[in-house]
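Welcome, and thank you for taking a look at this structure. Here is a friendly walk through some of its features, one region at a time.

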Amino acid sequence: MGKGGSLNESVVKKILLSYAYVGIWIFLSFTVIVYNKYILDKKMYNWPFPISLTMIHMAFCSSLAFLLVRVFNLVEPVSMSRDLYVSSVVPIGALYSLSLWFSNSAYIYLSVSFIQMLKALMPVAVYSIGVLLKKESFKSNTMINMLSISFGVGIAAYGEARFDSWGVILQLGAVAFEATRLVLIQILLTSKGISLNPITSLYYVAPCCLAFLFVPWVIVEFPVLRESSSFHFDFVIFGTNSFCAFALNLAVFLLVGKTSALTMNVAGVVKDWLLIAFSWQVIRDTVTPVNLIGYGIAFLGVTYYNYLKYQGLMAKEAQKKAQTGDEETGKLLEEREGSGTGKKTGSDV
């Protein structure tokens, strides 16, 4: 009874911790998205400078990551040569800067709810780019599933009351850049045995993003900011916003490290529905029935995609257990044969 009770307690504790990690990630992701929308939207805080906002985030994250890695030595840096940094981290940083720039820019033109609907295309983009770069194998069933997601998002776009072509182009570009970045992380870093947690990732990638964003910032936003003499940097708004962005990176590490990337995908679907409801009820964005029907179709496709991923993970786990069992059986047989041979030799002597 005692052992069973303690086992049940440990299982319950593990489940509660998993839910806590999911809750923290959803809350911080929710906060960052709504906060960015508040800052960038012309009807709210009215500071429509997405490159500047992204640069503030990257400068803040770079500084904190440097302090944690180099000053306080709380996180060990990854041993990385200059060639590896240039060939792997730099292209990943470039894609990340473009993804953040485009996604933040979309908040100026599109509603939070519609942006979340367009983000449902992420599995489609990741799979398509994975196939193109020969990281994923082409499967007709998976492609049909991807087409169903795309079809659902298309219906949602058709029913969008505040449809803006430029905003849609920006968000689709952000999805494409982010999907390419995720695939390149697997190709350039994971294949070489390098794994970066959010702190070391920010330590290496955030300064690179800052450098890449500087050029478009000087051309596009700096002249406008220089002319608007009425602007005063609000340390409370931008400081808390940047801290939320940094905390979100830590929450991603906790969620994926303590549960799995699949759990994060499933939690992301819950977060999207919550954001759509919040956008509808609180921000008062228009969400049409056609929007919901289209996103519902896309949601079913994404859910099926996550289910297939879950099945794949379970199959890999079963294969690993079978291999471990075969190895243990082989060792036992070797030991028995060895002990049997030893006995025969003793009797012969």
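Let us start with two helices, H3 and H8, which are oblique to each other. In this predicted model, H3 spans residues 82-109 and H8 spans residues 198-227. They pack at an angle of about 60°, and their axes are 8 Å apart. The crossing in which H3 passes H8 is right-handed.

Which residues of H3 meet H8? From H3 come Tyr85, Val89, Val90, Gly93, Ala94, Tyr96, Ser97 and Trp101. On the other side, H8 brings Tyr204, Val205, Cys208, Cys209, Phe212, Leu213 and Pro216. Sorted by character, the residues of this contact comprise 13 nonpolar, 2 polar and no charged.

**The chain as a whole**

With that pair in mind, we can step back. The chain has 11 helices and 0 strands, so its pattern along the sequence reads α-α-α-α-α-α-α-α-α-α-α. It has 349 residues, and 41% of them count as buried. Take the contacts between residues at least 6 apart in sequence: 84% of these join residues at least 24 apart.

**Cysteines without a bridge**

Two of the residues that H8 brings to H3 are Cys208 and Cys209, which leads to a question about sulfur. How many disulfides does the count come to? The count is 0. A disulfide is a covalent bond between the sulfur atoms of two cysteines. For Cys209, the closest cysteine sulfur belongs to Cys208 and is 6.1 Å away, which is too far for a bond. For Cys61, the closest cysteine sulfur is that of Cys209, at 9.7 Å, again too far for a bond. Both residues are tucked out of reach of the surface by the computed values: Cys61 is buried at 1% relative accessible area, and Cys209 is buried at 0%.

**Places where distant parts of the chain come together**

Some residues lie far apart in sequence and can still be compared by the distance between their C-alpha atoms. Here are three such pairs.

| Pair | Separation in sequence | C-alpha to C-alpha distance |
|---|---|---|
| Ser113 and Asp272 | 159 residues | 7.9 Å |
| Val112 and Phe278 | 166 residues | 8.8 Å |
| Leu210 and Ser52 | 158 residues | 10.0 Å |

Ser113 is part of helix H4, residues 112-118, and Val112 is found in H4 too. Are they buried or exposed? Ser113 is buried, with a relative accessible area of 1%, and Val112 is buried as well, at 0%. Setting aside neighbours within four places in sequence, Ser113 is in contact with Ile276, Ser279, Asp285 and Val287. Counted in that way, Val112 is in contact with Ile33, Lys37, Tyr107, Leu275, Ser279, Ile283 and Asp285.

Asp285 appears in the contacts of Ser113 and in those of Val112. Where is Asp285 found? Asp285 sits in the loop between helix H10 (261-281) and helix H11 (289-348). Although it belongs to a loop, Asp285 is buried, with a relative accessible area of 7%. Not counting residues up to four places away in sequence, Asp285 touches Ser111, Val112, Ser113, Arg162, Ser279 and Trp280.

The third pair in the table takes us back to H8, where Leu210 is found. Leu210 is partly exposed, at 25% relative accessible area. Beyond its neighbours within four places in sequence, Leu210 is in contact with Met55, Met58 and Ala59.

**Two residues with positive phi**

Most residues other than glycine have a negative phi, and most peptide bonds are trans. Lys134 has a phi near 60°, a positive value in a residue other than glycine. Lys134 lies in the loop between helix H5 (122-132) and helix H6 (140-158), and at 76% relative accessibility it counts as exposed.

Arg284 also has a positive phi, near 65°, and is likewise a residue other than glycine. Arg284 is found in the loop between H10 and H11, the loop that holds Asp285. What is the relative accessible area of Arg284? The value is 62%, and Arg284 is exposed, whereas Asp285 is buried.

Technical notes. Residues numbered from 1 in each chain as written. Predicted model: local features only at pLDDT ≥ 70, side-chain atom pairs only at ≥ 80, totals over all residues. Heavy atoms only, no water. Axes fitted to C-alpha atoms, helices over the stretch in contact; angles between N-to-C directions. Helix = DSSP H or I, 4+ residues; strand = E, 2+ residues; numbered from the N terminus. Parallel < 35°, antiparallel > 145°, perpendicular 65-115°, else oblique. Left-handed = near helix turned anticlockwise from the far one by under 90°. Contact = heavy atoms within 4.5 Å. Nonpolar A, V, L, I, M, F, W, Y, C, P; charged D, E, K, R; others polar. Disulfide = S-S within 2.5 Å. Buried < 20%, exposed > 50% of the residue type's maximum accessible area, 1.4 Å probe, protein only.
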